[in-house]
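Please work through the exercises below with the sequence and the model side by side. Each task is followed by a solution that goes step by step.

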Amino acid sequence: MLEAEDVGSYPVAPYGVKADQTIPKMKFQYGKRSLVWADDIEYYVASLRHERWSLEPIVGGIGGSVSDVGGEGIVQLITMLTEHESFFIQGITQHIPRISCYYTEPRIALAYIARDDAKHLDGLLSCVRGRDLGRISASSQFSLKNILELTDVSEFLFIAGLMGKATVATVARHLAGRLNTNTLGALLTHIAEDEERHASFAAAHLRHRIKMGDMNIDTLENLVERFELYLIVSSGMDEASQGEFTALLGREGVREMLLSIDKSRKALLLEAGLSVTDVERLMGRAGFEKSGFC
């Protein structure tokens with residue numbers, strides 16, 4: 001039976017297999033458990049395994065018409081969400097093959113998250129079938145590209161998985177509140193619930209890294225400073241979408257949404273094991289209240 005003597009060099013197979021001595025092995029970037037694990041990982045695998053909703057009734061409810069979805073402003077906001085769901089799929093699937101096959105649980109958890117994100121993207125695109133999508137901004141694309149160039153899975157999960165997914169979940173909930181009688185509103189509610197679950201997994205991973213002493217507040221603060229643009233554009237506050245959010249939600253509605261994003265991020269950082277002092281320090285850089293948007 002194959003043992004974990006060198007899981008950075010391991011076959012394309014899960015732990016516990018019996019194998020010939022002559023089988024070839026892969027070279028994995030993440031061959032150390034603490035780099036990829038999460039607290040309560042068995043719970044998260046079981047939670048992510050369970051699909052809580054089906055896309056079929058939603059797509060069927062749209063039928064051949066998109067008149068239900070709304071005007072061009074709504075299409076622009078859908079465009080913003082499709083951009084970020086595409087980004088999540090790209091980033092997560094880049095990191096899965098870097099994790100040793102010996103560590104099946106984090107590979108499975110991330111694969112389930114990518115599955116959910118693919119369902120989100122499919123649903124959003126179904127809502128605008130027959131129409132052109134809206135704009136994507138240079139600032140948003142630059143910020144996403146920079147994050148996709150990260151080679152550390154924990155850095156990706158902190159910025160995109162925790163901070164980013166918490167943001168998209170909050171945005172989806174606020175949009176759903178205005179579209180609650182709409183097919184799109186139902187879809188956005190499901191997306192928000194899934195993204196909150198994904199962000200909680202990212203928090204559990206970060207908590208494990210902090211407990212192992214591999215990450216600290218200085219590292220996280222540097223990441224927030226480095227990817228500050230992403231933390232803004234993921235909320236829709238870029239040149240392509242900000243006006244449409246204001247038109248739909250009103251200035252006070254946008255303010256409430258941004259403050260809710262701050263609250264969600266803070267809650268997840270506390271869930272990740274940071275102290276109240278460290279969370280306030282981090283949110284001093286990442287928060288909207290002092291940014292001029294609120």
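## Exercise 1: Two helix pairs

α4 passes α11 in a left-handed crossing. The model is a predicted one, and the tasks that follow are to be read with this in mind.

Task: Describe how α4 is placed against α11, and state which residues of the two helices meet.

Solution. Begin with the axes, which for α4 and helix α11 (residues 242-271) come within 9 Å and cross at roughly 120°. Next, classify the angle: values from 65 to 115 degrees count as roughly perpendicular and those over 145 as roughly antiparallel, and α4 and α11 are therefore oblique to each other. Finally, look for the residues at the crossing, where G73, I74, Q76, L77 and M80 of α4 meet E244, F245 and L248 of α11.

Task: Carry out the analysis for α5 and α8, and decide whether the pair is roughly parallel or roughly antiparallel.

Solution. The axes of α5 and helix α8 (residues 183-211) come within 10 Å, and they cross at roughly 160°. That angle makes α5 roughly antiparallel to α8, and the crossing in which α5 passes α8 is left-handed. The residues of α5 that take part include A109, L110, I113 and D116, and they belong to a set that meets residues of α8, among them L184, L187, L188 and I191.

## Exercise 2: Two serines in loops

Task: Locate S241, and say whether S241 is buried or exposed.

Solution. S241 lies in the loop between α10 (228-233) and α11. Its relative accessibility is 2%, so S241 counts as buried, the cut-off being under 20%. The side chain of S241 makes a polar contact with the side chain of Q76, at 3.3 Å. When residues up to four places away in sequence are not counted, S241 touches Q76, L77, M80 and G236.

Task: Find the partners of S100, and name the atom that its side chain reaches.

Solution. S100 is found in the loop between α4 (72-95) and α5 (104-127). At 0% relative accessibility, S100 counts as buried. The side chain of S100 reaches the backbone oxygen of V7 at 2.6 Å. Not counting residues up to four places away in sequence, S100 touches V7, Y10, F28, Y30 and R107.

## Exercise 3: A glutamine, an aspartate and the cysteines

Task: Place Q29 in the fold, and judge its exposure.

Solution. Q29 lies in the loop between β2 (26-27) and α1 (33-36). Its relative accessibility is 43%, which is why Q29 counts as partly exposed. Leaving aside neighbours within four places in sequence, Q29 is in contact with R98 and T151. As for P97, Q29 and P97 are 68 residues apart in sequence, and their C-alpha atoms are 8.8 Å apart in space.

Task: State where D40 lies, and what is notable about its phi.

Solution. D40 lies in the loop between α1 and α2 (41-49). Phi of D40 is near 55°, a positive value in a residue other than glycine.

Task: How many disulfides are there, and are C101 and C127 buried or exposed?

Solution. A disulfide is a covalent bond between the sulfur atoms of two cysteines. With the requirement that a pair of cysteine sulfur atoms lie within 2.5 Å, the count comes to 0 disulfides. C101 has 6% relative accessibility and therefore counts as buried, and C127, at 1%, counts as buried as well.

Notes: Residues numbered from 1 in each chain as written. Predicted model: local features only at pLDDT ≥ 70, side-chain atom pairs only at ≥ 80, totals over all residues. Heavy atoms only, no water. Helix = DSSP H or I, 4+ residues; strand = E, 2+ residues; numbered from the N terminus. Buried < 20%, exposed > 50% of the residue type's maximum accessible area, 1.4 Å probe, protein only. Contact = heavy atoms within 4.5 Å. Polar contact = N/O pair within 3.5 Å; in protein donor to acceptor, adjacent residues only side chain to side chain. Axes fitted to C-alpha atoms, helices over the stretch in contact; angles between N-to-C directions. Parallel < 35°, antiparallel > 145°, perpendicular 65-115°, else oblique. Left-handed = near helix turned anticlockwise from the far one by under 90°.
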